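Visitor: I should like to learn how the features of a protein model are read. May we take them in turn?

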Amino acid sequence: MEKFVIRGGNPLMGEVVVSGAKNAAVAILPATILAKGKCVIENLPNISDVTASVDILSAMGAQVRLLNKHTLEVDTSHITGTVVPDELSRQMRASYYFLGALLGRFGQATVAMPGGCNLGPRPIDQHLKAFTAFGAKDSVEGGMIDVRAENGLRGEEVFFDTVTVGATINAMLAAVMAEGTTVLENVAKEPHIVDVANFLNTMGADVRGAGTDVIKIRGVKKMHGCTYSIIPDQIEAGSYMVAAAITGGNVLIQNVIPKHLEPITSKLEKAGATVEEFDDSVRVSRQGDIEPLNIKTMPHPGFPTDMQPLMTALLCLAKGTSIITEGIWENRFRYVDELSRMGVNIQVAGRVAVIEGVHHLRPAPLRATDLRAGAAMVMAALAADGVSEISEIGHIERGYEDIVGKLQGLGADIRRVSKPETLLRKAL
Ligand code: EPU
């Protein structure tokens, strides 16, 4: 069992470089299957969700070469299988993108029900709605989802009942080589939707409108390999913005697209931080008090749900009461019990959390209940008066590249250690 040990209290100072976007990477890697050739993917984050995607590609017969720390060459020419092994697909939520990519290339795919963070029910009915509209049949048996289009895929109009990132991307993957034109309506508009569309177009697809409510796709007969660089991670950038604000520090966050950060910037400014925007960096600092806020998470360009736990951590130190409403996930407040151990009073009723700010956070043993909740624990521990320990850090390492090294570079007192085995386990 590994853990982070953090002595809080140091205002973070200096510069940190943001890695490539996790949620773009985990879609772009499966999308290379559509190229039936060699793709060079640059600016990949070094995180375990990317490793899991690469493991699946390799298991399917792709040849993957590491060109440098953040660049992979993926040759999908010789993939023949269409079944993603159960134990690999369970490792992460985004394994569902193999459904769209394999269906798009081979007309069939079988993938286990995906794993990933537990944020309440995570249905995939909208993914299946798009696949069946394109002519595929689906079945779920023994925890495996099977989709197949025996007579090929044809373009169709699909109106999503809810705005979903995963179904928007999966529908694009399945539609790019379908016959005719596809129109996807009420789609998600997150920066990584646009990134995946740009990647597909670089491989020869004809996808227009990504970033708006309607995406139009003209099916092409064939796609090809390409070289593509992934956008910076909006949520990792936002996390370091919170780290600067919560510790009363001054940090230049580099390799970002400031436009993608606007919903976060605007809330941090209201909370009392100063945010300066440059071409590809932002500087975040805070000297005065943290002001309480009301936040509701929404699909992009609203305030991102993935920043919700991090903002809760910040608002624990606000001068008053804040209200956070979770607009995307049914159960994304499971972590508040952990923050309560630090002396904060947080009341949760359904999708609403009311946070009464305190002057100081007490150090505590904390658990990373999921990826972003884990990052929130790190932020709270950085601001606490003493030494906190965070367990179950595997969740955090799914999505944050070298979080320990990056925070140490900003002056944080954080170490990653292995927990000694309990006596009982030693005895066994
Ligand atoms: N939904 C449905 N039916 C579907 C799909 C989604 O009802 O078929 C609902 C969900 O239950 C949820 C809402 O629609 O209430 C939005 O879900 P969405 O499909 O957008 O989420 P996702 O694609 O499963 C991605 C990110 C999440 C992020 C959400 C929302 C990846 C791999 N994951 O999940 O990221 O919270 O979009 O922005 O891209 C994270 O990085 O920590 C993370 C959880």
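**Reading helix 2 and its surroundings**

Guide: In helix 2, the buried residues are Asp49, Val50, Ala52, Ser53, Val54, Ile56 and Leu57. Please keep in mind that this is a predicted model.

Visitor: What covers the buried residues of helix 2?

Guide: The cover includes two strands, strand 4 (63-68) and strand 5 (71-75), together with helix 1 (22-31), helix 3 (86-89) and helix 4 (97-106).

Visitor: How is the length of a helix checked, and what span should helix 2 have?

Guide: The general idea is that the expected span is 1.5 Å times one less than the number of residues. Helix 2 has 12 residues (48-59), so it should span 16 Å; its end C-alpha atoms lie 16 Å apart, in agreement with that expectation.

Visitor: Which residue with a positive phi follows helix 2?

Guide: That residue is Gly61, with a phi near 110°.

Visitor: Let us turn to a single residue. Where is Val74 placed, and is Val74 buried or exposed?

Guide: A residue is called buried when its relative accessible area is under 20%. Val74 belongs to strand 5, and it counts as buried because its relative accessibility is 0%.

Visitor: Which residues are in contact with Val74, leaving aside its neighbours within four places in sequence?

Guide: With those neighbours left aside, the contacts of Val74 are Leu29, Thr32, Gly37, Lys38, Cys39, Leu57, Ala62, Gln63 and Val64. Among them, Leu57 is also one of the buried residues of helix 2. Leu382, by comparison, is 308 residues from Val74 in sequence and 38 Å from it in space, C-alpha to C-alpha.

Visitor: How is a ligand site read, and which residues come nearest to the ligand?

Guide: One may begin with the surrounding residues and then take the polar atom pairs. Of the 25 residues around the ligand, those that come nearest are Tyr96, Gln126, Val165, Asp306 and Ile328. The side chain of Tyr96 has an N or O atom 2.8 Å from an oxygen atom of the ligand. For the side chain of Lys22, the distance from such an atom to a ligand oxygen is 3.1 Å. A nitrogen atom of the ligand lies 2.8 Å from an N or O atom in the side chain of Asp125. On its own the ligand has 820 Å² of accessible area, of which the protein covers 90%.

Visitor: Finally, into which domains is the protein divided?

Guide: The division is into domain 1 (2-19 + 232-427) and domain 2 (22-216). Their centres, taken over C-alpha atoms, are separated by 30 Å. At their contact, 23 residues of domain 1 meet 22 residues of domain 2.

Conventions. Residues numbered from 1 in each chain as written. Predicted model: local features only at pLDDT ≥ 70, side-chain atom pairs only at ≥ 80, totals over all residues. Heavy atoms only, no water. Helix = DSSP H or I, 4+ residues; strand = E, 2+ residues; numbered from the N terminus. Buried < 20%, exposed > 50% of the residue type's maximum accessible area, 1.4 Å probe, protein only. Contact = heavy atoms within 4.5 Å. Near = heavy atom within 4 Å. Polar contact = N/O pair within 3.5 Å; in protein donor to acceptor, adjacent residues only side chain to side chain. Areas by Shrake-Rupley, 256 points an atom, 1.4 Å probe, with all protein chains shown as cover. Domains from an automatic or database assignment.
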